[in-house]
Each structure stands twice: as structure tokens, then as C-alpha cells.
Amino acid sequence: MSTSWTRSPAVAALAAAACLTSSAAAQPSAERHPYRPTLDALHYDLTIVLPDTGSRIAGRAAIALRRSASADTIVLDLLDLTVERAEVDGRPAEFRQDSATVRIAVPTGTGDSLGVTVHYGGAVRDGLIIRRDSATGRWTAFGDNWPNRARHWIPSIDHPSDKATVTWTVEAPNSRTVVANGVLVEETPIPDGRLRTVWRQAIPISTYLMVFGAAEMAMVSLGETACGLAERPGCVPQAVYVDPGLRDYVPGPFAEAGAMVEFFARLVAPYPYEKLAHLQSATRFGGMENATAIFYSDNAFRRRSVGTGLIAHEIAHQWFGNAVTEREWSHLWLSEGFATYFGQLWTEHARGDSAFQEGMRGVRNQIIGANVVAERPVIDTAQTNLLALLNVNSYQKGGFVLHMLRGVVGDSAFFGALRDYYRANLHGTALTADLRHAVERVHGAPLGWFFDQWLRRPGYAEISTRWRYDASARRVILEVRQGNRWPPYRFPLAVAVRDAAGTGRRMIVEVEAAREQRITLPVELDRAPAGLLIDPDVQLLATFTTH
């Protein structure tokens, strides 16, 4: 997902504009795992009947559930819409609906599977955004579930810890193209000039990723991409779905989408899903990483300003956030921090080291300039407004933490550990401890100190340095002082010693978690250097003052 506050000049490509509504402060509180401890949704078979005009839908949700403990009631999240009837294993069932849930009576049992069907309908207020397109006046419908807004229109276990497969059956006017998760199974004309479209996602995903889009769209194929680099045999078919009037804009910024999938697949693991679609949409976010069907801002298409950095960010989510999902909302950085950093890794791959360093410098500037970084940790278990977690901590600081972790353990251990972490949690969920353990196993040393200081504390390092040349020892003495706003940090510090000709000799010194430290640089010099560059390659999250 991408939102508006990532648009500084240095890293504007990371995100498109967001349209966060004023309802953010009223979002439900973050839940504690396990969310529904006795239930596991296995598959959602969802049928939605869209109107020709307006926002009233008719819905049917058939859910295959596994029950792990004795219970006589199934509790599903559902807001706004009205349940008409419910069934359990094909038989009518008693139910009770309140303002937030529907509770369905089931036979008492343990360790068994159940089929629960909910028939419901009404005017959709959120989650599924139904509106007239402002430019054309045509009716559109796009799912917009993050963080836990699927419950506004889908009876569900609406929490990232519960993943399931999904089948979408959408009945809509035949002028609208319907695109959803997974692969297209059926397009069948039905009476009254309407079309039934069926898509099936055979790989489990969280409810916030379960969506469809329905609008008048032209499909522009990007071809078969990343051949031999997907979990399923063959290639990854990609396409862009765009307003027919903007057909000439594509492929445009999407010309590199195939290379992006190939790059991430080689770097991490095979592409995890059946296809990848890119849709011009109407939701509250600049970009939303829905599994196999990424939604991008309608306005960005109309301004012809979709950035390649945004596309790389959302594609990276297919691995981190979608295939491996944060189990708790407070660990959102495992999704957004990864996508932010992997967007920058694409820049490093495609544009070179200088562009990468410029991007990371811009990310660091945003972190240092954000109040939330100074006030709250990245893993923010106290935050109850889920939309407020879409902040610089989750995105930029989370991404920079990965950058520093790469510097601490080295490229080989870093990328090897990420692959191990990904494989171990593929199509499941994870917490930060899972990542830490994966890196420690490859690195061969404890890293609790690193994860605690950068993820569980607010702030960043504030460093002032001074140096002198000891002619008798032919050594440079570097003094490092850390500020008082936060406890001192432990980190490796890159130093470049420049001679009179401007040539630099780079080295790494270890800085302890102390207010003051004197370090003798590990190089002998016949004369005093012309100067020292501290952190020349933008590897440390810190402010720097030189005396």
C-alpha cells in the first residue's frame, strides 16, 4: 500500500496520493491474536450482485470453516448490511445479528469442518466503494478492505491472521469488466443484459486482500512475464486494466512490470500467485497491493503520473505482506517496510548505486522529519487506530531498518535470511521474532539488541563527531558522542578517510551504546588526512554533526 506522505522529492516514486477519509479516527481498535481462536476460515465462496445504479448489493457468502474447539456459535464480522437468512451445512440455521457481528448457531462439536452460508444485502457504506466515475459518469465498484474494512460488505473472519482461498462470482451489467483475485474461471451472459463473472484464488490470502473491481475498462496485456520464476508452472501473465479513454497511456510506466517481477523472484523466491493485474481504481489509497490484482489511484492515471517506484512497491507486496502476512497489526512494518525497501532495491538494480543512495537519503530525511518517529516505536502495540499505523514508522523507518540490518550482517546473510524467512512462512503469517530468528540463524550471532533498539523504541541516533591525528602513532582518533533524547544506540559506523588528493579509504568501526566513545581508526597514515566522511554511503539512521 502507498500513501501520500511518501511523496518527498527524493522518493516521490514510492507512492501516489492517498485520500484518507475523516473516518480514520473512528476505526475499530487493534485486536489481540488469536482473533477467533477456535475458528479457521478455509475458503470463501462469495457472490455479489451489483446494481445497474446506486450502491445496494445482494450478497451470498458460503464459508468453509474448521472448528478446533467445542462451540455452539460461529461469530462472523459484518457491519452495515442486513442478514436475511443463514444455513449450516445446507440446513436453515438460527442467527442473531448485532451492530458488528452475525452469530450463527451450529451443532456442538470439536475438530470438525462446517459450511456456513449467509444471505445478506443492503446499501454498502464502506469496504466496497461504489460510485460514479467523476470523469465519465459511469458506475464503478472496487473493493477497498484495508485494514479491517472487509467486514463492511463481507461476512468474514476479518483479521490478517486468518487466511483462506476465495472464489468470486460477480453479477453486473455486461458493460462492466470484472477483475478479481486469482484466475478467470467463467464469463457467462445472463438475462437482462448482465454478465456473470467468476474468479478463483486457489492460494490462501487475508481478507484485506480479497477484492474485485468492476468498471468499464480496457485490458492491455503486458504479456507472459517471469517465465520459469513462478510457483505455478509457466509464466506470470500481466495486464493493465484502464479506462478506455486512457488506453494510449499503457504500457507507459508499466513497461518495467515484467522485469520487476523477475527481479524480485530471483532475489527472494518464485512469484507466489497465478497472475498479476494492475487496475485503475477508485479507493482511498494511492496504491493497494491486493493479491494478484493491484489497485492504483484513478487520479494518478488521469494525471498520467503513476510512478515506477509505486509499481515496484506494490509488486514487492505480493511477496511481503501478501504471501507472508503480518500476524498482528502492530507488526505492519513486515509488510510496508519491506515494500518500501524493496522498491528502493529495484532502484538500485535498475538505476544504479547513486540513485539508490539518493533514494535512501530521501527516506532518511523523511524519518528524521516525522513526529511519529520521535514519539512512537515501529512495533506500536499501543496504537488502537489501525489507519494511524500507515505512518513513516511502518514505511520509511521499517524500510531503513532493513537497510541497516543488511549492513550489519552483510549481503549474503541478509538476502539468505530473507529467503529462509519467506519460505518458512509462505502463505502463512509471521511476527518480527520470526524474521529475527531467521537472520540470527544465518548470521550466527544474537541480534535482539538490533531489533529492540530500532523497532521497539522511538527515535534515531543523534551523532556528533570530532577527530584528531596522532602523529606519533600515525593514527586517526575519532570521538563519537550521542545525543540525550533517547538511550544511546549500538551500530557499525562507516568512515571514509580522505587524503589530499581526495581519495577515500573506507572502513567500518563499531560504536557502542554509550554517550561518548573514542575510537582509533584501523589504518596507519604518514600524515594527517584531509578530512573524514561519516556514513558516506547512507547506511545509518542518524543525524550527523561534525566538529
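Select Arg406 first and display its surroundings in this predicted model. Leaving aside residues up to four places away in sequence, Arg406 touches Tyr341, Leu345, Glu348, Phe356, Asp411, Phe414 and Phe415. Among these neighbours, Tyr341 deserves a separate look: its side chain and that of Arg406 are joined by a polar contact of 2.9 Å. Arg406 belongs to helix H7. Is this arginine buried or exposed? Its relative accessible area is 11%; the limit for a buried residue is under 20%, and Arg406 is therefore buried.

Next, extend the selection to the whole of helix H7 (393–409) and add helix H5, residues 353–368. The axes of the two helices come within 9 Å, and they cross at roughly 130 degrees. How should this arrangement be described? H5 and H7 are oblique to each other, because an angle of roughly 130 degrees lies outside the ranges for parallel, antiparallel and perpendicular pairs. The crossing in which H5 passes H7 is left-handed. To view the contact itself, show the side chains of Phe356, Met360, Val363, Arg364, Gln366 and Ile367 on H5, which meet Gln396, Lys397, Phe400, His403 and Arg406 on H7. Colouring these residues by character gives 5 nonpolar, 3 polar and 3 charged. Arg406, the starting point of the tour, is thus one of the H7 residues in this contact, and Phe356 of H5 is also among the residues that Arg406 touches.

Keep H7 visible and move to helix H10, residues 448–455. How many of the residues of H10 are buried? The count is 6 of 8, and the helix is mostly covered. Select Gly448, Phe450, Phe451, Gln453, Trp454 and Leu455 to see the buried positions. The elements that cover them include H7, together with helix H4 (333–351), helix H9 (432–443) and strand E23 (461–470).

The tour now turns to loops. Go to the loop between strand E17 (236–242) and helix H1 (257–267), where Gly245 is found. With a relative accessible area of 57%, Gly245 is exposed. Draw a distance from its C-alpha atom to that of Met507: the two atoms are separated by 55 Å, and the residues are 262 apart along the chain. The loop between E17 and H1 also holds Pro251. Inspect the peptide bond from Val250 to Pro251, which is cis with omega near 15 degrees.

A further cis peptide bond can be selected at Trp146 to Pro147, where omega is near 0 degrees. Pro147 is placed in the loop between strand E10 (139–143) and strand E11 (163–173).

Two backbone positions complete the tour. Select Arg304 in the loop between helix H2 (298–302) and helix H3 (308–317). Its phi is near 55 degrees, a positive value in a residue other than glycine. Arg304 is partly exposed, with a relative accessible area of 40%. Then select Asp535, in the loop between strand E28 (531–534) and strand E29 (542–546). Asp535 likewise is a non-glycine residue with a positive phi, near 55 degrees. Is Asp535 buried or exposed? Its relative accessible area is 6%, and Asp535 is therefore buried.

Notes: Residues numbered from 1 in each chain as written. Predicted model: local features only at pLDDT ≥ 70, side-chain atom pairs only at ≥ 80, totals over all residues. Heavy atoms only, no water. Buried < 20%, exposed > 50% of the residue type's maximum accessible area, 1.4 Å probe, protein only. Helix = DSSP H or I, 4+ residues; strand = E, 2+ residues; numbered from the N terminus. Contact = heavy atoms within 4.5 Å. Axes fitted to C-alpha atoms, helices over the stretch in contact; angles between N-to-C directions. Parallel < 35°, antiparallel > 145°, perpendicular 65-115°, else oblique. Left-handed = near helix turned anticlockwise from the far one by under 90°. Nonpolar A, V, L, I, M, F, W, Y, C, P; charged D, E, K, R; others polar. Polar contact = N/O pair within 3.5 Å; in protein donor to acceptor, adjacent residues only side chain to side chain.
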